Amino acid sequence: MNIVIPTYYRHFDYNINFINSFNKYCLDKDKVNIYFILDSFEIEDFNDKIKDIKTNNIIILNLIELRNLLIGDEKESWVTGNKFGHQSVKKLFASLYIKDDYLVLDSENLCLKEFYMKDIFNGLKTKPLLSTINLYQDTQLKVQENCATILTYLTDKWYFIKSYWFYEYNIVNQMITYLREGRDNIFTYLKNQVIFEYQLYCQFAEQHELKEIIEVEELLTFDINKLLYEKKCNFEHICSAINDDNIDWYCELLNKLDERIVRLHWMDEKHKDYIINNTNVCIGTFHWD
């Protein structure tokens, strides 16, 4: 089992906190590899940060090495690209090294209670993709449009609505093969696009009918849909709509979807604790930046 965490220097302390919580609560941690993906100039500092952590499951990946796995040790200069493309290639091309299914997490996560990672992976493998058609931000529309251009496939669905992203290697590999057709250097090409790699991945899966898809609004109550609309946000930030009146419903939904990793920011502390105690949620995503 594989966890991928793309990170950078401002998040190193978050990464250490996650590792410590993972070592404390994951009951099958010896069967899990945690890959941290960094730029070359950050690796020495990161190694120094984690030198006192006693674990054998941390693997550091250099983004340039991932690029070279894809296109060889080319001579062109390193192009920084934009922040969206930069993070996206970290997550997407981790598949070239891992060659297996993997779970991507941002740095702002903590393990919260005892769990088996095998339970999370077994559930993720069979889950349908969740989507929404509610888009309110210019960046979302731009990402959706750019992914449609890259794939030559238009969709009205938005998939970037969770705080974690699971990639099946078989699908990622098919997509990379597809993207390489007619392009000399998809690494540099994607790195300079305003894209979210999970949106690209899911649009590809939709295009080729590789996964079941559920529109998330069908699972939400009228009141929740109304609250999210008023806040001009979608299911990604449902945590901002949780209150005393709907907390039990939300816990039921999390259990129905077998969600074990959720956002726990923008809500009262009592609601966060209630969710942890009444669901299978064992990893919480917070918002510290």
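**Notebook: salt bridges and a buried helix**

I looked up Asp48 and found this residue to be partly exposed, at 47% relative accessibility. The model I am reading is a predicted one.

**Entry 1: Asp48 and Lys51**

I then asked which residue the side chain of Asp48 meets in a salt bridge. The partner is Lys51, with N to O at 3.2 Å. I checked the accessibility of Lys51 and noted that this residue is exposed, its relative accessible area being 58%. As background, side chains of opposite charge can pair when their charged atoms come close. I searched the whole structure for such pairs, and the search returned 15 salt bridges.

**Entry 2: Glu236 and Arg263**

I turned to Glu236, which forms a salt bridge with Arg263; their closest N and O atoms are 3.1 Å apart. I located Glu236 in the loop between α11 (222-230) and α12 (247-256), and Arg263 in strand β9 (residues 261-263), so this pair ties together parts that are 27 residues apart in sequence. Are the two residues buried or exposed? I recorded Glu236 as buried, with a relative accessible area of 14%. Arg263 also counts as buried, at 15% relative accessibility.

**Entry 3: Lys272 and Glu269**

I examined the salt bridge between Lys272 and Glu269, where the closest N and O atoms are 2.5 Å apart. Both residues belong to helix α13 (residues 269-278); they are three residues apart, and therefore about one helical turn separates them. I noted that Lys272 is buried, at 15% relative accessibility.

I next recorded a network: Asp101, Lys125, Glu168 and Lys211 are joined into one by salt bridges that share partners.

**Entry 4: Asp101**

I followed one member of that network, Asp101. Where does Asp101 lie? I found this residue in the loop between α5 (95-98) and β4 (102-105). Asp101 counts as buried because its relative accessibility is 15%, below the 20% limit. I noted a polar contact of 2.7 Å between the side chains of Asp101 and Lys125. Setting aside neighbours within four places in sequence, I listed the contacts of Asp101 as Asn2, Phe121, Lys125, Phe166, Tyr167, Glu168 and Tyr169.

**Entry 5: Helix α10**

I asked how many of the eleven residues of helix α10 (residues 197-207) are buried. The count is ten, so the helix is largely enclosed by the rest of the structure. Among the buried residues I noted Glu197, Tyr198, Phe204 and Glu206. After α10 comes Glu209, for which I read a positive phi, near 55°.

I then compared α10 with helix α7 (residues 138-151): their axes come within 10 Å and cross at roughly 50°. That angle makes α7 oblique to α10. I recorded the crossing of α7 past α10 as right-handed. On the α7 side the contact is made by Val143, Gln144, Cys147, Ala148, Ile150 and Leu151. On the α10 side I listed Gln199, Leu200, Gln203, Phe204 and Gln207.

**Entry 6: Lys91**

Finally, I looked up Lys91, which lies in helix α4 (residues 83-92). This lysine counts as buried, at 6% relative accessibility. How far apart in space are Lys91 and Pro6, which are 85 residues apart in sequence? I read 6.7 Å from C-alpha to C-alpha. Leaving aside neighbours within four places in sequence, I noted that Lys91 is in contact with Pro6, Tyr102, Val104, Asp106, Trp165 and Glu197. Glu197 also appears in my list of buried residues in α10.

Key. Residues are numbered from 1 along each chain as its sequence is written. This is a predicted model: local features need pLDDT of at least 70, side-chain atom pairs count only at pLDDT 80 or more; totals for chains, interfaces and linings use all residues. Side-chain values use heavy atoms; hydrogens and water are left out. A salt bridge is a side-chain nitrogen of Lys or Arg within 4 Å of a carboxyl oxygen of Asp or Glu. Buried means under 20% relative accessible area, exposed over 50%, partly exposed in between (1.4 Å probe, protein chains only). Helices (H or I, at least four residues) and strands (E, at least two) are DSSP runs, numbered from the N terminus. A polar contact is a pair of N or O atoms within 3.5 Å; within protein, one must be able to donate a hydrogen and the other to accept it, and residues adjacent in sequence count only if both atoms are side-chain atoms. Contact means heavy atoms within 4.5 Å. Axes are lines fitted to C-alpha atoms, for helices over the stretch in contact, and angles run from 0 to 180 degrees between N-to-C directions. Angles under 35 degrees count as roughly parallel, over 145 as roughly antiparallel, 65 to 115 as roughly perpendicular and the rest as oblique. A crossing is left-handed if the near helix is turned anticlockwise from the far one by less than a right angle, and right-handed if clockwise.
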